[in-house]
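Subject: Structure handover

Hello,

Here is the structure I promised to pass on. Please open it first, then read my notes underneath.

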Amino acid sequence: MMMDPAPAADLAAVAQQCLDATHDGSLSFPAIIGRLIEAGFEGYAVDYRRSAQSFYLPDGTSLDLPMPSHAGPVAAAFDKAVVEAQIRWAQSGDQAYTYQAFSRNVAAAGCAGYLVSFLGRRVVYYGRTGDIHVELFPQ
């Protein structure tokens, strides 16, 4: 269930905290999603080609933030098997996992970015050619 959005300054602070936590590993994906939903966001998108993340609100507005680290070049071909393997690594709880390594690996496998939909409870990973992989949130 979506909550009413917080004031704009609070939203920006929550988005930045969640973005930083993704990159420094201080919060898990479920914890980040919980904070963003609580603040009133309905999803976000990561764009590896722009090295930016957009956070979306139900009223159609969004907040764009630069990502603190760059994933590197995005390969032309989308290798769905590699992207799926990286998602499993991210979900595994492996102490060696880092978001920076995940991002570099999926970009090298042709992932140009991904859309996280809280409403749809899924993440859509996409390549430069429009190829996709849809990952449903764990139940």
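Below is what I found, from the overall fold down to single residues.

Please keep in mind that this is a predicted model.

Overall fold

The protein has 4 helices and 6 strands. Their order along the chain is α-α-β-β-β-α-α-β-β-β. The C-alpha trace spans about 40 × 30 × 30 Å along its principal axes. The radius of gyration is 14 Å, which agrees with the value near 14 Å that a compact globule of 139 residues would have.

Contacts point to the long range. Taking contacts with a separation of 6 or more, 51% join residues 24 or more positions apart. Of the 139 residues, 40% are buried.

Surface and charge

The exposed area is about 7,300 Å². Carbon and sulfur atoms supply 56% of that area. The protein carries 9 positive and 14 negative charges. The mean positions of the two sets lie 7 Å apart.

Cysteines

How many disulfides are there? The count is 0. A disulfide is a covalent bond between the sulfur atoms of two cysteines. Cys18 is buried, because its relative accessibility is 1%, under the 20% limit. Cys111 has 0% relative accessibility and so is buried too.

Helices H1 and H4

His23 belongs to helix H1, which covers residues 8-24. Is His23 buried or exposed? His23 is buried, as its relative accessible area is 8%. Leaving aside residues up to four places away in sequence, His23 touches Met67, Pro68, Ser69, Tyr99 and Gln100.

Tyr99 also appears among the buried residues of helix H4 (residues 99-108). The others in that set are Ala101, Phe102, Ser103, Val106 and Ala107. After H4 comes Gly110, with a positive phi near 90°.

The loop after H2

Phe41 sits in the loop between helix H2 (29-39) and strand E1 (43-47). Phe41 has 1% relative accessibility, so this loop residue counts as buried. Lys80 is 39 residues away from Phe41 along the chain, and their C-alpha atoms are separated by 28 Å.

Two residues with positive phi

Most residues other than glycine have a negative phi. Which residue in the loop between E1 and strand E2 (52-56) has a positive phi of about 55°? That residue is Ser51, which is not a glycine. Ser51 lies in the loop that links E1 to E2. Its relative accessible area is 14%, so Ser51 is buried.

Arg121 also has a positive phi, near 50°, and is a residue other than glycine. Arg121 is placed in the loop between strand E4 (111-117) and strand E5 (122-127). At 39% relative accessibility, Arg121 counts as partly exposed, because that value falls between the 20% and 50% limits. So Ser51 is buried at 14%, whereas Arg121 is partly exposed at 39%.

When you go through the model, these are the places to look up: Cys18, Cys111, His23 in H1, Phe41 after H2, Ser51 between E1 and E2, and Arg121 between E4 and E5.

Best wishes

Note on methods. Residues numbered from 1 in each chain as written. Predicted model: local features only at pLDDT ≥ 70, side-chain atom pairs only at ≥ 80, totals over all residues. Heavy atoms only, no water. Rg over C-alpha atoms; globule rule 2.2 N^0.38 Å. Buried < 20%, exposed > 50% of the residue type's maximum accessible area, 1.4 Å probe, protein only. Contact = heavy atoms within 4.5 Å. Areas by Shrake-Rupley, 256 points an atom, 1.4 Å probe, with all protein chains shown as cover. Lys, Arg positive; Asp, Glu negative; His and termini not counted. Charge placed at Lys NZ, Arg CZ, Asp CG, Glu CD. Disulfide = S-S within 2.5 Å.
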